[in-house]
Amino acid sequence: MKVVTGVVGNDIHVVANRLIDLSLRARGYEVFNLGVNTHLEEFFDAVVETGAEVLMISSLNGEAEGWGREVPLLKSRYSNLDDVIMMIGGNLVVGSGNTEDIVARYKKYGFDLVCHQMDLNTGLDMLQSLSEERGIA
Amino acid sequence: MSLLQEEREIILSNEYVDAFDFAEVAEFVSGASKNLFISHHFRERDKMLVQPRGGFPTYEQQYALYEFFVDANVDVLPLTVDSNTRLNDYATAKKMLRLSEENDMDMLNGYPLVTHGYRTTRKMITHFNKPVSLRHGTPDARLLIETAIASGIFEIEGGPITYLLPYSKNFPLDKAFLYWKYVERVCANYSQLNEPINRESFGPLTATLVPPAITIVIQLLEMLLSLEEGVKSFSVSFSQQGSMNQDIVTGAVIKKLANHYAQQIGCDDAMINLVYHQWMGAFPANEDFAEQLINLATVIASMVGADKIITKTRQEATGIPTKEANAKTVADTQYSLRILNGLPTVVDEEEEEILTLEVRAIMEAVFNDPADTLWRKVFNSIKNGIIDVPFSPHIINQNEMITIRDARKNIRIIERGNVPIPERCYEYERSQCDLSKDTTSIVNDIIHDIGIMQ
């Protein structure tokens, strides 16, 4: 299964990005890692280009909130992205916030899986379950 | 007119520079006090030099910071440049400086040197009459270092690799090499007028599980790139790694090999110094613990035999430190150095041999690249993964090498990628680690190993 991943926006926090890459490969995914400082358009373009089944965006500095809002509009400009599993994780707000509210907000932006300040492997287990549920694992 | 001088005139006719007077600057450097040159202090002093970090937006704040440092008995003053200037965005730096001056609020994370200009800054530097070190992180530092030297700042940190791979995703590495060649040449030329301008490489890199072999190779290559342009005083550096023994071994090998390779290119007249950075990774939030860590680093720097130590502060975990906290570290470090007497000599021959073999093998692979100049060989070696820096965000970096800590907290290479670590060394490194674990446990170990000091 193919995954496009990277860190959204002007965020240069690279450590988790490398560890996500490593963990995904260990679980047998084919990984297309766009690295840090990646714009939303680049993610969608890469999904189209690679035919990935999963788009996994991460954010540490909290600016995903700003980018997240633009997801529905941008996604609507692409065709055939409806079946892509959209996942976002990391530190998804600036400051602190209630996890339930944050998850609900990002689901509205179109993300299937929202992992706010969650352990990496718990998040990857969630991805596994969802892809099995959808019969693409 | 030489090509270099033509390029200098173009760089210095920048709209943010107020009429650069080449002749006046050369005259200033020629007659400058020896005290401003760190190379002079390296030669004359027998104690480790202490240098903090620090830069504030306004002239008054920077001046006040220096007063605190001088009271704390500082040896070398820092001038840390703001991030807009680092990215050559002088317009934003200028705007943010005005906002900082008008609102009593810091809108910049350092001193915007180009915006203040050399005429203003020189007043401060010559007033304190201490060596100043330029700390930045700029891939294209041509205008910045011209301004620095004209201001009386005679130590320039950085390099094409060490200021790019840890900081940037896609600034072109080949351009960085050419921009830094300019820096080396300008430093070399000014060095002929008085004491040498010292160049210092930035050894900590990403400060995230970088194995000593990679650190040393990059230090040696930046040293050679600098010496071959005529620089006569150069500092190699590295940061506290997490194991005292590994630091001592790294110090011994880097000193030995720096002299060896300098000699090989006929530059044994150059002075090579060793700089040690107190822990550059994530700090404990507990400020008392932070001070313990800082003190431990000072002890290790003494064991390593560093010529200069660069300090952290108890506020490291929380953001940009106050001038009070910064000065306190200087005073504390000076005190530790004064009472650290009668240190034992520690030599680990086996580890030294392994590390030496690794460094030599990588250096040989770089030299064997078919390109015609050293910088092109180094460029190709980074591109094809002969040099691979763990956790670099740059697109050119290979990211195939994996490192973890062994039971004694030494950083070990468990996946070498394309880096030509000799078989025997690779087996040794791997034999120190538990490799039976699955990737999930290894990832958890890496997370733990990065945050070891928290």
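In the predicted model, strands β9 (residues 402-405) and β10 (residues 411-415) of chain B run antiparallel and are joined by four bridges. Within this pair, Arg405(B) has Ile411(B) of β10(B) as its bridge partner. The hairpin that β9(B) and β10(B) make has five residues between the strands, and in this hairpin Lys409(B) adopts a positive phi near 70°.

The chain to which this hairpin belongs contains 17 helices and ten strands. Its radius of gyration is 21 Å, close to the 22 Å that the globule rule gives for 454 residues, so chain B is as compact as a globular protein of that length. Taken along the principal axes, the box filled by the C-alpha atoms of chain B has dimensions of roughly 65 × 55 × 40 Å. Confidence in chain B is expressed by a mean pLDDT of 97, with 100% of its residues reaching 70 or more.

Chain B also holds an open sheet of eight strands, in which the pairing is parallel and the order is β1-β8-β7-β6-β5-β4-β3-β2. The edges of this sheet are formed by β1 (49-51) and β2 (77-80) of chain B, each of which pairs on one side only. From one strand to the next, the twist of the sheet averages 25°. Among the neighbouring pairs in the sheet order is that of β7(B) and β8(B); strand β7 (residues 271-277) and strand β8 (residues 308-310) of chain B run parallel and are joined by three bridges. In this pair, Lys308(B) of β8(B) is the residue that Val275(B) stands opposite.

Helix packing in chain B can be illustrated by helix α1 (residues 3-12) and helix α8 (residues 142-151), whose axes come within 10 Å and cross at roughly 90°. Because of this crossing angle, α1(B) is roughly perpendicular to α8(B). The residues that meet are Arg8(B), Ile11(B) and Leu12(B) on the side of α1(B), and Arg142(B), Leu143(B) and Glu146(B) on the side of α8(B). Sorted by class, the contact of α1(B) with α8(B) comprises three nonpolar and three charged residues, with no polar residues.

Chain A has six helices and five strands, and its elements follow one another from the N terminus as β-α-β-α-β-α-α-β-α-β-α. The radius of gyration of chain A is 14 Å, close to the 14 Å that the globule rule gives for 137 residues, so this chain is likewise as compact as a globular protein of its length. Along its principal axes, the C-alpha trace of chain A spans about 35 × 30 × 30 Å. The average pLDDT of chain A is 93, and 100% of the residues score at least 70. Within chain A, confidence is lowest in helix α3 (residues 64-68), where the mean is 86, and highest in β2(A), where it is 98.

The five strands of chain A form an open sheet with parallel pairing, in the order β2-β1-β3-β4-β5. Strands β2 (30-33) and β5 (113-116) of chain A stand at the edges, each with a single partner strand, so one side of each is left without a neighbour in the sheet. Neighbouring strands of this sheet are turned against each other by 15° on average, direction ignored. The partner of the edge strand β5(A) is strand β4 (residues 85-90) of chain A, and these two strands pair in the parallel sense over four bridges. One of the positions in this pairing is Gly89(A), whose bridge partner in β5(A) is Cys115(A).

For the complex of the two chains, the predictor gives an ipTM of 0.88 and a pTM of 0.95. The contact between the chains takes 13 residues from chain A and twelve residues from chain B. On the side of chain A that touches chain B, the elements that give two or more residues are α1 (15-26) and α6 (120-133) of chain A. Of these, α1(A) gives the most, with six residues. By class, the side of chain A that touches chain B consists of eight nonpolar, four polar and one charged residues.

Note on methods: Residues numbered from 1 in each chain as written. Chains lettered and ligands numbered in written order. Predicted model: local features only at pLDDT ≥ 70, side-chain atom pairs only at ≥ 80, totals over all residues. Pairing = 2+ DSSP bridges. Axes fitted to C-alpha atoms, helices over the stretch in contact; angles between N-to-C directions. Contact = placed C-beta atoms within 7 Å. Nonpolar A, V, L, I, M, F, W, Y, C, P; charged D, E, K, R; others polar. Parallel < 35°, antiparallel > 145°, perpendicular 65-115°, else oblique. pLDDT = per-residue confidence, 0-100. Rg over C-alpha atoms; globule rule 2.2 N^0.38 Å.
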